[in-house]
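Here's a quick tour for anyone meeting this structure for the first time. Have a look at the sequence and the model, then read on.

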Amino acid sequence: MRLVIARCSVDYAGRLTAHLPSAPRLILVKADGSVSIHADDRAYKPLNWMSPPCTLKEDDATWTVVNKAGEKLIITMEEVLHDSSHELGVDPGLIKDGVEAHLQELLADRIETLGEGYTLIRREYPTAIGPVDILCRDADGATVAVELKRRGDIDGVEQLTRYLDLLNRDPHLAPVKGVFAAQEIKPQARVLATDRGIGCLVLDYNAMRGIEDDKLRLF
């Protein structure tokens, strides 16, 4: 990860346009290629960002970040106050709470909840950026990646988007579709998922937990 603190202005040109006037800001450049601009407020949310895959070109005092859609994030540097890089290594990922972990276990055990003819490939499918909750195949044999959350928000959709981009580079899996599954999906997350061609599934945890086990047993 590269951390840059600089006085800069920022212009975004894409489906919309936006401008940030000159001010001191933190710029994060992550190993996945993403670039985000932060102020000293707003908690974790950036003022503007470019999600991967994208490319960064540094030309004197101008940084130009371009994504695969041709959208541009142009950062004009006026004064660099700090510039450092740090190797963080592979993150083990977020450890799920009991409910989220149990949801994953239940859905994997009853994969037909996703649709008739679905079959499980595996839980916690490993990737270079963390494990995909569930990888499976639909009735037509197409690969499907499922991201599970208790409460589904935009960050969860972004996470699944990154997984899908990576999985679709594997010719043995591609094309890979995505399903965002949660007990509750926020409207903004549903809109973003739909825009990216990702399916949404609301899970009833209590109903899933109360389903009678249909596996063979003696009594």
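Start with Ser9, which stands opposite Thr76 in β7. Keep in mind that this is a predicted model. The strands behind that match are β1 (residues 2-13) and β7 (residues 72-85), and they pair in the antiparallel sense over twelve bridges. Strand β7 also runs antiparallel to β6 (residues 62-67), to which five bridges join it. There, Thr64 stands opposite Ile74 in β7. The hairpin of β6 and β7 has four residues between the strands, and in this hairpin Gly70 takes a positive phi near 85 degrees.

Here are the strand pairings that come with a bridge count, each with a facing pair.

| Paired strands | Sense and bridges | Residues facing each other |
|---|---|---|
| β1 and β7 | antiparallel, twelve bridges | Ser9 and Thr76 |
| β6 and β7 | antiparallel, five bridges | Thr64 and Ile74 |
| β8 and β9 | antiparallel, five bridges | Tyr125 and Val132 |

Now for a stop at strand β3 (residues 35-38), where you'll find Ser36. Is Ser36 buried or exposed? Its relative accessibility is 11%, so Ser36 counts as buried, the cut-off being under 20%. The side chain of Ser36 makes a polar contact of 2.9 Å with that of His38. Further off in sequence, beyond four places, Ser36 touches Leu26, Ile27, Leu28, Pro46, Asn48 and Trp49.

Next comes an open sheet of five strands, in the order β8-β9-β10-β11-β12 and with mixed pairing. Which strands stand at the edges? They are β8 (119-125) and β12 (199-202); each has a single partner strand, so one side of each is left without a neighbour in the sheet. From one strand to the next, the twist averages 25 degrees. Helix α3 packs on this sheet, touching β10 (143-152), β11 and β12, and its direction makes about 170 degrees with that of β11.

Strand β11 is also home to Glu184. This residue is partly exposed, at a relative accessible area of 42%. Glu184 and Arg150 are 34 residues apart along the chain, yet their C-alpha atoms are separated by 6.6 Å. Leaving out residues up to four places away in sequence, Glu184 touches Arg150, Arg151 and Gly152.

Back to α3, and to how its two faces compare. Its buried residues are Ala189, Leu192 and Ala193. These cover an arc of only 100 degrees around the axis, so they sit on the same side of α3. They pack against β10, α2, β11 and β12. The face turned away from that buried side carries the exposed residues Pro187, Val191, Thr194 and Asp195. Just after α3, Gly197 takes a positive phi of about 75 degrees.

That leaves the nonpolar core. In soluble globular proteins, nonpolar side chains tend to be buried together. The largest nonpolar core here has 18 residues, and Ala145, Val157, Leu167, Phe180 and Ile198 touch the most other members. At least two residues each come from β9 (132-137), α2 (154-167), β11 (176-185) and α3 (187-195). Which element gives the largest share? That's α2, with five residues. For a closer look, pick Val157: setting aside neighbours within four places in sequence, Val157 is in contact with Phe180, Ala189, Leu192, Ala193, Arg196 and Ile198. Among these partners are Ala189, Leu192 and Ala193, the buried residues of α3.

Methods. Residues numbered from 1 in each chain as written. Predicted model: local features only at pLDDT ≥ 70, side-chain atom pairs only at ≥ 80, totals over all residues. Heavy atoms only, no water. Core = buried A, V, L, I, M, F, W, Y, C linked by side-chain atoms within 4.5 Å. Buried < 20%, exposed > 50% of the residue type's maximum accessible area, 1.4 Å probe, protein only. Contact = heavy atoms within 4.5 Å. Pairing = 2+ DSSP bridges. Axes fitted to C-alpha atoms, helices over the stretch in contact; angles between N-to-C directions. Polar contact = N/O pair within 3.5 Å; in protein donor to acceptor, adjacent residues only side chain to side chain. Arc of directions from axis to C-beta.
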